[in-house]
Number of protein chains: 4
Amino acid sequence: MNEKLRMGMVGGGLGAFIGAVHRKAAALDGNIELVCGAFSSKAETSTATGNALFLDPKRVYPSYVDMIRAEKKLPASQRMHAVSIVTPNHLHFAPAKLALESGFHVIVDKPLCLSVAEARQLVKVVKKSGLILALTHTYTGYPMVKEARRLVSSGVFGKIRKVYVEYTQGWLAQPLEKTGQKQAAWRSNPKFSGLGGAIGDIGTHAANLAEYISGSVITGLCADLRAVVKGRVLDDDASMLLNFDNGASGVLIATQVAAGEENNLFIRLYGEKGGLEWRQEEPNTLVLKWPDRPREFYRTGMGYISETAKLHTRTPSGHPEGYLEAFANVYQSFARAVTDFKSGKKIDSAKYDFPDVEDGLRGMAFIEACVKSSKQKQKWVPIKL
Amino acid sequence: MNEKLRMGMVGGGLGAFIGAVHRKAAALDGNIELVCGAFSSKAETSTATGNALFLDPKRVYPSYVDMIRAEKKLPASQRMHAVSIVTPNHLHFAPAKLALESGFHVIVDKPLCLSVAEARQLVKVVKKSGLILALTHTYTGYPMVKEARRLVSSGVFGKIRKVYVEYTQGWLAQPLEKTGQKQAAWRSNPKFSGLGGAIGDIGTHAANLAEYISGSVITGLCADLRAVVKGRVLDDDASMLLNFDNGASGVLIATQVAAGEENNLFIRLYGEKGGLEWRQEEPNTLVLKWPDRPREFYRTGMGYISETAKLHTRTPSGHPEGYLEAFANVYQSFARAVTDFKSGKKIDSAKYDFPDVEDGLRGMAFIEACVKSSKQKQKWVPIKL
Amino acid sequence: MNEKLRMGMVGGGLGAFIGAVHRKAAALDGNIELVCGAFSSKAETSTATGNALFLDPKRVYPSYVDMIRAEKKLPASQRMHAVSIVTPNHLHFAPAKLALESGFHVIVDKPLCLSVAEARQLVKVVKKSGLILALTHTYTGYPMVKEARRLVSSGVFGKIRKVYVEYTQGWLAQPLEKTGQKQAAWRSNPKFSGLGGAIGDIGTHAANLAEYISGSVITGLCADLRAVVKGRVLDDDASMLLNFDNGASGVLIATQVAAGEENNLFIRLYGEKGGLEWRQEEPNTLVLKWPDRPREFYRTGMGYISETAKLHTRTPSGHPEGYLEAFANVYQSFARAVTDFKSGKKIDSAKYDFPDVEDGLRGMAFIEACVKSSKQKQKWVPIKL
Amino acid sequence: MNEKLRMGMVGGGLGAFIGAVHRKAAALDGNIELVCGAFSSKAETSTATGNALFLDPKRVYPSYVDMIRAEKKLPASQRMHAVSIVTPNHLHFAPAKLALESGFHVIVDKPLCLSVAEARQLVKVVKKSGLILALTHTYTGYPMVKEARRLVSSGVFGKIRKVYVEYTQGWLAQPLEKTGQKQAAWRSNPKFSGLGGAIGDIGTHAANLAEYISGSVITGLCADLRAVVKGRVLDDDASMLLNFDNGASGVLIATQVAAGEENNLFIRLYGEKGGLEWRQEEPNTLVLKWPDRPREFYRTGMGYISETAKLHTRTPSGHPEGYLEAFANVYQSFARAVTDFKSGKKIDSAKYDFPDVEDGLRGMAFIEACVKSSKQKQKWVPIKL
């Protein structure tokens, strides 16, 4: 039977940033329906949110535990299929675990949780349940990022030798958290954010993007983490040297004190025969650089783009797609997997091309390695999983 | 009572281009619901479309006439509020007229209809009904276009002297219509497209954008229209000199034979004290040029952007928004007006900042003036309304 | 015998703009030596200029007539070979004519002179003398412009259908000539500038560039010339529709009131199979646009660039060349022709790839056609030569 | 008395790359004259070069020692004033030392010499002689680099916190030195190049630029040097973390195996209140980024640019200047100092704004620190001078 994917949400009360983004991304293609939520630990916020979202008040719950329990009891034709978790980092692990153990698929904001230890538990739960967990490393949802991965994998650049990735923001150049700004407040507080500040919030995105496009895994790093703004406990700035398992080396920069930068995620890779460049702020262009022929500018939606990228494209070339479309692509990949699951297929997440629990685990290992490296006098820290 | 705006659709069967765009644009913000449709003149296509869209089969109608009649009889709590018309040009007028006369608001793709005469009728119907008609000149939905209009209107550039606008595409550089490509076929056929080829399809967008940002109206033009590709009846290429009612002059280019161009809508205005530049393919940047100080790059989502533009922005700066978000902004403006209408307010479309029936009328006058000018030996053709 | 090309200069006294540019362009490659000059109608300015340029005071002359007469009497081993004329427009014709008639080659700033009638005379004098006249349409000196011409001529774009060229500046957006600024003063005075304001000063550059790259000749135009700034006699702004002899059509914009623009000469051509784009302010990149494969960015100095362009390149790729190098390329082409002339060869200017007296004649015809078109009510004015 | 600066050259025989660049840079402004040279260790190459450069054959010498000795004996009115040294790295020290000890000013290509020890000797000789030594770190000659330094120093960005500089090239992505290409051959040979490969050739430029703009000195680094192409002895690739004496930290990348890159020197700095960005390949634009107002694009030649930068600008805005003009700016600063020296002034090189022997010493220390860091297991190596 043809039905929409029914989704419940944990977090994302009115005024939250990423919750609204998830909802728009889920809504865009008309095949996912928000049916319930536990939007806030404050009952009135949750209620007001549900109301603003046109939800049945009965399905606006005071807590994720209530939601999962109550939904479980609903008839299959009404019951949600999946839970979207959009809370701060410290509230990813428990709802994800409970949802999976209760038979619900999960799509969760990054980073996956607070530690490698938690991540390993989630890996186990996912495996045991056979259910689907998608992690919203949004940036791998862009068509041109998928094209980049495909091109690297095709060998046109030869063996990849260098990977330079940076994620520079400026919004924390001043102690914004002291003004009561919510986004800044929880991100700079280890209780909600975990071990990592900038490296958790944006460094994991950069590391994930580098691994996704290069098709290689970071095996070691030498990091310099700083709390540039006085009074911060967590890093707001990181620079590091990288090693990859294919022999490539590189540099990763993640900073939130680059005053004047917006959301400048930028990656370049160079192989023996050429290189590529992609910038999130102009996401519909992918630049290929060659020593012996003109630079090529691949553009989203053009006829010569691969089927892989086209699958994640909604408009003809020159009709720019953006962040919400990339985000929606993660939701659509997740939805395709859930649909196949419902029809009884066994799910191999690689096939659906969404970031999964293993990516989440590597993200946690990345954070822990950064923190360790920055504290030690030796140069390199290996990452082993 | 808090309810979604319920929308019916005319046209947009599976495989159509602009119908899917309208649906995504309407769905994005979660407050508009597609409840019914007459998607195609072919019954099976309409049914298949309704099914793919998860619609109640009873509300998938064989024709727009059926849809309007049937919906009118439904209880107010179920009945659609508005009709979205996404058919080729020749099928805008009749459904729009019937819908308005039947008490439904209308949102219709551009150009408004096939002639100034039809447009004048629609102006009358809108006035008489007191209902809302929005025209999807998508490009005025971009936040940076709204910012541009605001800046011009604020006087920072002084009196506007020059307006250069172009819309260059390359997809019709070859006789694509002969291959059976549907989009090319109807656009190059006067029966479906009307008097204008490129000038109707994209020239009206360019003219509308120029008038929107400049706050002035085109009063005359001197046009050179061509059917560059052999065998075409309608123009696929146009260049013209322009006059504006504030004394400014300018140039408008609209071509679909600029091989290699995508969807390059590009506008520049210059006043006594400075100028601005905006390009649709990189829509989140607005360039301000000054003789006596550095160029300024305004960026969507930054704190210094006006409230007007922020109202039409969904993500923080550096998280690029695109064509679908601009399109969704037209839908949201329309939805705000409908909501106010429901609460009994009288609607002044200028206040809601969506292109309306008067813009549609001017678009038709623009097309007719272009065709007239191109055929005559005299230089200028006035546009009077 | 190996000797430098010895050059005399008419105009270019201290404080003049284009004279210093000519001198740097001539000096860059070390094979052209300024040996004498009549730099100003004011004796003391001429003397001071000669002194600042380390010239022998005996060869600093009070007038171009004196210079040409005196140099003619010097022994061949000392005598200048060529005259560089860098005066305002009204002082191009007479010195050029006298120099040629006295046996000296000429390199002269654009536009060639004040009228088609004068230009025709110069064409005759050049033919009769067999000597070389080069016109400094600087912008055709850029390597990427030469590459563009070569690519068009190679047929990779198919038949050219559209030519869009613009030259937008902002420096005359205010009545600068009233402040005593010399450059503005003579350019806005018909006595020194001739019939054309902006169309003479920059429009001729744009027209020349369009003809050079397209390999076609403008055969007709429909122009709208304006004196936007109050009190101006000559045009400071022009827009026009164009026809070319190969059947292409296009648009030319030349304005000096685009407040905030610098020196924005920008050209695009589209053929049946693709197009190209070049912008003078970023001159080392040439963009090729294709419907069916990625855009290509050709870059000065790269290995894949043609020999034609490489001949006019001094540095490896990524070491940007600019305006002075382009200017120097015109001088070097001129110098190559002079060297060949000295060795007894007959000179075919096309072979040396510098703008010549015929280009100058076409420029004058362009100006006269613009002025005529702007005054008449009929649409098109043909250009016949 | 008004005379040109007379220059002799060591190295730069026909076919050499940087010698021709030096000659054009010196010639551009018409106040420096090449009067003699020892262009090659091969007599016939030196002779042919002198001939091609229109030199008096008597002043084309078989060796720099001969040149310096012979010129010393010429009358002051003919004798060269300065020596330009454009040989490979291993031949900088001896001619520079001898020239200074013989009373000639020196302008020498970078890096200064082969070791900190040599550099310290040159520092002493310069001090003792009171003569001028300029080092051609070309990139600090660009007007927008000077503007950047001025802006940082003015405090508009607040305290500088982050410095990211990179110099990526691709020309050594393959073992070009094995093909007999001269530039690649000597650069990859420690005998001619010294301890450093990429870090000496381009890393020193990047480090110098970072120090010049930031006004701070690198105090420590943690480097990863690699010979990516098999068989290389010297590094062709380097990445490193940096510390500066003002408390800033940063990253420096210097690689010659970034296949497809040209000459991509790129720098960004971020202070408490904003940041800047400059890219050598588009050198006439300097981007200022602000959290609370639009990005500003400073452009060479505009009226609002500082006098400091204007002093190093030759053309009006929009007439792009490039690499040769930047190079010529180093020569002009050097020439100004020599002129003042001749008039008896004591020379403070900071005043003339050219890279001097102290910059050269810091460059050598940078190379040695990189090599040391890359070999050790500890993270940081201090740079102390």
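**Group meeting: a first look at chain A and its neighbours**

Okay, let's start inside chain A: take the contacts with a separation of 6 or more, and 69% of them are between residues 24 or more positions apart. Before I go on, keep in mind that this is a predicted model.

So what does chain A look like overall? Its secondary structure adds up to 13 helices and 14 strands. If you lay the C-alpha trace along its principal axes, you get spans of about 65 × 50 × 40 Å. Now, a compact globule with 385 residues would have a radius of gyration near 21 Å, and chain A comes out at 21 Å, so the two agree. As for burial, 64% of the 385 residues of chain A count as buried.

Next, the domains. Chain A splits into domain 1, which is 5-139 plus 329-356, and domain 2, which is 142-316 plus 363-375. Each domain is written as two stretches of the chain, as you can see from those ranges. How far apart are the C-alpha centres of the two domains of chain A? They lie 25 Å apart. Where the domains touch, domain 1 of chain A puts in 16 residues and domain 2 of chain A puts in 21 residues. On the domain 1 side of that contact, you'll find ten nonpolar, five polar and one charged residues.

Let's move on to the other chains, and I'll take chain D first. Here the contact involves 32 residues from chain A and 32 residues from chain D. Which strands of chain A each supply at least two residues to that side? They are E6 (160-168), E7 (218-226), E8 (237-244), E9 (249-255) and E10 (264-271). E9 of chain A gives the largest share, with four residues. By class, the side of chain A that touches chain D has 13 nonpolar, nine polar and ten charged residues.

And then there's chain C. That contact uses nine residues from chain A and nine residues from chain C. The chain A side there divides into four nonpolar, one polar and four charged residues. My favourite bit is the strand pairing: strand E13 of chain A, residues 295-299, runs antiparallel to strand E13 of chain C, also residues 295-299, and three bridges join them. If you want one spot to find on screen, look for A:Arg295, which stands opposite C:Phe297 in E13 of chain C.

That's my tour, thanks for listening.

Methods
Residues are numbered from 1 along each chain as its sequence is written. Chains are lettered from A and ligands numbered from 1 in the order in which they are written. This is a predicted model: local features need pLDDT of at least 70, side-chain atom pairs count only at pLDDT 80 or more; totals for chains, interfaces and linings use all residues. Two residues are in contact if their C-beta atoms, placed from the backbone, lie within 7 Å. Ala, Val, Leu, Ile, Met, Phe, Trp, Tyr, Cys and Pro count as nonpolar, Asp, Glu, Lys and Arg as charged, and the others, Gly among them, as polar. Two strands pair if DSSP finds at least two bridges between them. Domain bounds come from an automatic or database domain assignment. The radius of gyration is taken over C-alpha atoms; the globule rule is 2.2 Å times the number of residues to the power 0.38. A residue is buried if 20 or more other C-beta atoms lie within 10 Å of its own, exposed if 12 or fewer, and partly exposed in between; C-beta atoms are placed from the backbone.
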